[in-house]
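This report covers the fold, surface and core of one protein chain. The sequence and structure come first.

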Amino acid sequence: MDSAAVARFEAGRGRLASLAYRLLGSAADAEDAVQDTFLRWQAADRAHIEVPEAWLTKVCTHICLDRLRSAQARHERAAGAWLPEPLLEGDPLLDPADTVEQRESVSLAVLTLMEHLSPAERAAYVLREAFSYPHAEIAQILDITESASQQHLHRARTRLAASRPRRGGGEADPAVARRVVQEFLAAAVSGRTEHLVALLTEDATSLSDGAGLTRRLLRHTSRERIASFVRAGFRPTPAKRRLAGGWPVLHLAPVNGCPAVIAVIGERVVGTVVFEVADGKVTSLHGIAATARLTRLDAAWQHHHPGTPALHTG
């Protein structure tokens with residue numbers, strides 16, 4: 001392959017990776033999809049490709065859709081043990097992030113809810129909301145009609161809206177959201193269950209991989225159960241210390257565009273809890289501690305300047 005063809009691909013690699021991450025919810029799978037796209041670009045008769053960017057977008061999208069439709073992916077995701085891979089603020093896979101829709105498309109809450117969409121609905125939603133493709137181009141990418149593209153997007157928006165907590169004040173101010181999480185963390189560590197309950201919305205939800213020790217996700221939908229689960233999760237015990245290899249230091253940092261508590265032992269990230277906040281209260285929590293899901297977050301943390309820890313446990 002000539003250098004010009006390689007350069008053309010590399011110029012769009014970041015956009016393709018961001019697209020693949022939104023479609024697959026996994027940084028590792030996204031990178032594999034982009035590499036497969038490169039191999040097809042390498043083997044293609046490029047002289048007959050009129051618009052390389054459009055061709056690459058279509059190929060990458062279909063590679064992702066094939067992965068979503070594969071028997072293995074359906075089994076893994078239907079088994080109740082799948083969560084999106086969290087990414088630290090500044091990760092290029094989170095781009096673009098200029099609009100509310102673009103930022104929401106990479107939140108763990110939306111990535112998790114998109115599991116309930118069909119692959120075509122998911123693709124139409126991502127292409128439209130995150131990358132602002134018109135329906136004519138979405139139709140060409142997905143090999144469907146414009147009408148079908150509009151229907152897929154409408155169904156996706158409807159299903160996501162029905163599953164998400166209502167927001168009275170729109171997108172939360174980052175500083176306000178951080179203060180809410182700080183208050184929530186302080187209440188969790190002190191064991192003030194009543195205060196935890198008061199900081200949760202009526203329809204709040206929590207989803208956790210059980211510190212990577214359970215085969216199925218732990219889901220809670222009542223404020224009292226969430227508060228009890230969180231209080232137990234943040235309570236330091238000798239057993240937790242032995243299991244984790246030390247007492248974690250808790251930091252606050254944005255993950256997937258939302259405030260998060262990141263637990264660090266030494267320089268190693270051992271877990272994160274990502275919060276969604278609206279109207280001064282927590283609407284959802286995603287707890288992730290499985291090592292395989294923290295690989296990229298941990299690598300990014302090594303180059304991060306976290307500042308003063310929010311809390312030392314133990």
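The model is predicted. Tyr21 is a good place to start. Beyond its neighbours within four places in sequence, Tyr21 contacts Ser26, Ala27, Ala30, Glu85, Leu87, Leu93, Leu94, Val106, Leu111 and Asn256.

Tyr21 also belongs to the largest nonpolar core, a set of 63 residues. Along with Met114, Tyr125, Val126, Leu142 and Ile262, Tyr21 touches the most other members. Helix α1, residues 3-24, supplies the largest share of this core, with nine residues. Another core lies apart from this one. That second core holds 27 residues, including Phe184, Val230, Ala263 and Phe275.

Now the whole chain. The protein chain has 14 helices and seven strands. Its radius of gyration is 20 Å, close to the 20 Å that the globule rule gives for 314 residues, so the chain is as compact as a globular protein of that length. Along the principal axes, the C-alpha atoms fill a box of roughly 65 × 40 × 35 Å. Contacts reach far along the sequence: among those between residues at least 6 apart, 65% join residues at least 24 apart.

Burial, surface and charge values follow.

| Property of the protein chain | Value |
|---|---|
| Buried residues | 47% of 314 residues |
| Exposed area | about 15200 Å² |
| Carbon and sulfur share of exposed area | 53% |
| Positive side chains | 37 side chains |
| Negative side chains | 36 side chains |

The centres of the positive and negative sets lie 7 Å apart.

Definitions and conventions: Residues numbered from 1 in each chain as written. Predicted model: local features only at pLDDT ≥ 70, side-chain atom pairs only at ≥ 80, totals over all residues. Heavy atoms only, no water. Helix = DSSP H or I, 4+ residues; strand = E, 2+ residues; numbered from the N terminus. Rg over C-alpha atoms; globule rule 2.2 N^0.38 Å. Buried < 20%, exposed > 50% of the residue type's maximum accessible area, 1.4 Å probe, protein only. Contact = heavy atoms within 4.5 Å. Areas by Shrake-Rupley, 256 points an atom, 1.4 Å probe, with all protein chains shown as cover. Lys, Arg positive; Asp, Glu negative; His and termini not counted. Charge placed at Lys NZ, Arg CZ, Asp CG, Glu CD. Core = buried A, V, L, I, M, F, W, Y, C linked by side-chain atoms within 4.5 Å.
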